[in-house]
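User: I would like to go through the labels used for this model one by one. Please set each value against its cut-off.

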Amino acid sequence: MVQVLGTSTGGIGTHVASVTRGLLERGDRVVVIGPQATEDQFGFKRAGARFIPVEIPTGNDAVAQGKAVVRLRRLLRGPGGSTPDIVHAHGLRAGLAARLARPMGSRLVTSWHIHLDTSGGGVKNRLLRETENAVARGSDVCLCTDPDQVQVVVAGGGRDVRYAPAAAPALPASTKDADTVKAELGATGRPVLLSVGRLHPVKRLDVLIDAAAAWTDLDPMPLVVIAGSGPLEAELSDHIRRTGAPVKLLGHRSDMPELLTAADLAVVTSESETRQMFSQETLRAGVPLIATRAGGIPALVGDAAKLIPPGDPSVLDKTVRELLDSSQARAELAEAGPKQAATWPTESDTIDQLDALYRELTGR
């Protein structure tokens with residue numbers, strides 16, 4: 001089977017890597033197709049899969065998208081005309097490329113990992129709606145990582161649409177204590193607020209920076225650390241400099257257990273999410289979480305996180321101050337997180353569901 005993904009530095013890539021490992025452990029042959037940067041970060045070949053680089057674009061570059069489709073079409077038609085039983089695309093752009101490239105006889109599964117608000121007018125929203133509908137109609141099965149997506153994809157023409165929650169892989173234990181990691185971050189004796197994700201407009205990290213700019217009056221002053229890379233790195237760096245906010249952009253990090261060990265609070269400011277990996281990791285680790293009431297986050301975290309409206313730095317500022325002032329409130333959230341996490345499907349459950357679907361589609 002073939003797994004197809006576009007550019008990812010976070011949740012989608014983590015999910016595909018988890019699925020790939022799980023399927024390989026069960027004896028399946030897996031080919032992963034996506035940008036070279038995803039192989040560099042997630043190591044599909046190290047896990048035992050075959051990886052083939054194809055630069056599937058994230059934007060509306062029709063020329064780049066066309067090149068990706070042509071290359072993908074060529075790859076999916078192997079020597080002697082052989083074709084894969086299953087092509088599983090992850091994300092809208094990968095889904096569109098796979099829909100246009102898939103050979104006759106291959107079954108197409110598309111996973112929907114993000115909410116897209118296409119309700120407004122304008123050319124961009126119309127193109128997004130058309131793309132979503134084309135992918136929904138052209139897929140044999142659409143998998144939604146958030147139950148609220150199901151009806152949206154059905155309305156767009158999806159014939160077989162199912163809820164398939166994606167579980168974040170379990171993290172190893174930290175190799176360092178909190179004081180050591182804080183010292184390495186330059187935050188000795190200070191609260192650390194952690195946010196993790198792609199530096200992308202949907203994450204609304206500008207809201208976090210604006211709120212942090214008000215925390216310079218706190219003693220000790222918190223340090224906000226943001227782990228991740230993406231297209232807004234230069235813009236966010238400029239924003240930090242302009243506001244004087246106590247924020248560090250860490251770039252891509254592979255030491256998530258250590259960062260969670262050092263974190264006094266975790267913060268998610270996204271305006272759209274489904275079953276976000278960082279929120280899962282945070283609650284499992286017992287780190288108090290502040291997250292936006294966006295997409296699938298409320299259903300995911302339940303009462304185990306402080307929920308705030310998206311796009312409002314003043315509410316985030318107030319909520320952070322309240323939690324930093326109350327060790328009891330932080331302790332209650334820290335205790336509630338792992339209990340909420342225990343109600344979620346496991347990584348093994350996710351692989352079981354996909355394995356059953358693939359067998360259903362292939363009749364094996």
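User: Which strands does helix H5 lie across?

Analyst: This is a predicted model. In it, H5 (residues 92–101) lies across strand S1 (2–5), strand S4 (86–90) and S5. Its direction makes about 150° with S4.

User: What makes H5 "mostly covered"?

Analyst: Buried means under 20% relative accessible area. Eight of the 10 residues of H5 are buried. Among them are Leu 92, Arg 93, Gly 95 and Leu 96. The cover includes S1, S4 and S5, along with helix H4 (62–76) and helix H6 (123–138).

User: Which other helix packs on the sheet, and which strands does it touch?

Analyst: Helix H16 (residues 347–362) packs there, touching S1, S4, S5, S6 and S7. Its direction makes about 140° with that of S4.

User: What is the strand order of the sheet?

Analyst: The order is S3-S2-S1-S4-S5-S6-S7. The sheet is open, has seven strands, and its pairing is parallel.

User: Why are S3 and S7 called edge strands?

Analyst: Strand S3 (50–53) and strand S7 (161–163) each have a single partner strand, so one side of each has no neighbour in the sheet. Across this sheet, neighbouring strands are turned by 20° against each other on average, direction ignored.

User: How do you know that S5 and S6 pair?

Analyst: Pairing takes at least two bridges. Four bridges join S5 (residues 107–112) to S6 (residues 141–144), and the two run parallel. Val 109 stands opposite Val 141, and Thr 110 stands opposite Cys 142. The cut-off is at least two bridges and there are four, so the two strands count as paired.

User: How do you know that S6 pairs with S7?

Analyst: Three bridges join S6 to S7, again against a cut-off of at least two, so this counts as a pair. These strands run parallel. Cys 144 has Tyr 163 in S7 as its bridge partner.

User: Why are both faces of S6 called covered?

Analyst: In a regular strand, side chains alternate between the two faces of the sheet. In S6, Val 141 and Leu 143 are on one side, with Cys 142 and Cys 144 on the other. These four residues are all buried.

User: Why is Thr 145 called buried or exposed?

Analyst: Thr 145 has 5% relative accessibility; buried means under 20%, so Thr 145 is buried. Thr 145 sits in the loop between S6 and helix H7 (149–155). Beyond its neighbours within four places in sequence, its contacts include Trp 112, Tyr 163, Pro 165 and Arg 275.

User: What makes the approach of Thr 145 to Trp 112 a polar contact?

Analyst: A polar atom of the Thr 145 side chain lies 3.1 Å from the backbone oxygen of Trp 112. The limit is within 3.5 Å, so the distance fits.

User: Why is Asp 325 buried or exposed?

Analyst: Its relative accessible area is 69%, and exposed means over 50%, so Asp 325 is exposed. Asp 325 belongs to helix H14 (residues 313–325).

User: How do you know that Glu 39 has no salt bridge?

Analyst: The nearest side chain of opposite charge, Lys 45, is 4.8 Å away. A salt bridge must be within 4 Å, so this pair does not qualify. Glu 39 is in helix H2 (residues 36–42) and is buried.

User: What does link Glu 39 to Lys 45?

Analyst: The backbone nitrogen of Lys 45 lies 3.2 Å from a polar atom of the Glu 39 side chain. The polar-contact limit is within 3.5 Å, so this distance passes. Glu 39 is also in contact with Phe 44 and Phe 51.

Notes. Residues numbered from 1 in each chain as written. Predicted model: local features only at pLDDT ≥ 70, side-chain atom pairs only at ≥ 80, totals over all residues. Heavy atoms only, no water. Axes fitted to C-alpha atoms, helices over the stretch in contact; angles between N-to-C directions. Contact = heavy atoms within 4.5 Å. Buried < 20%, exposed > 50% of the residue type's maximum accessible area, 1.4 Å probe, protein only. Lys, Arg positive; Asp, Glu negative; His and termini not counted. Polar contact = N/O pair within 3.5 Å; in protein donor to acceptor, adjacent residues only side chain to side chain.
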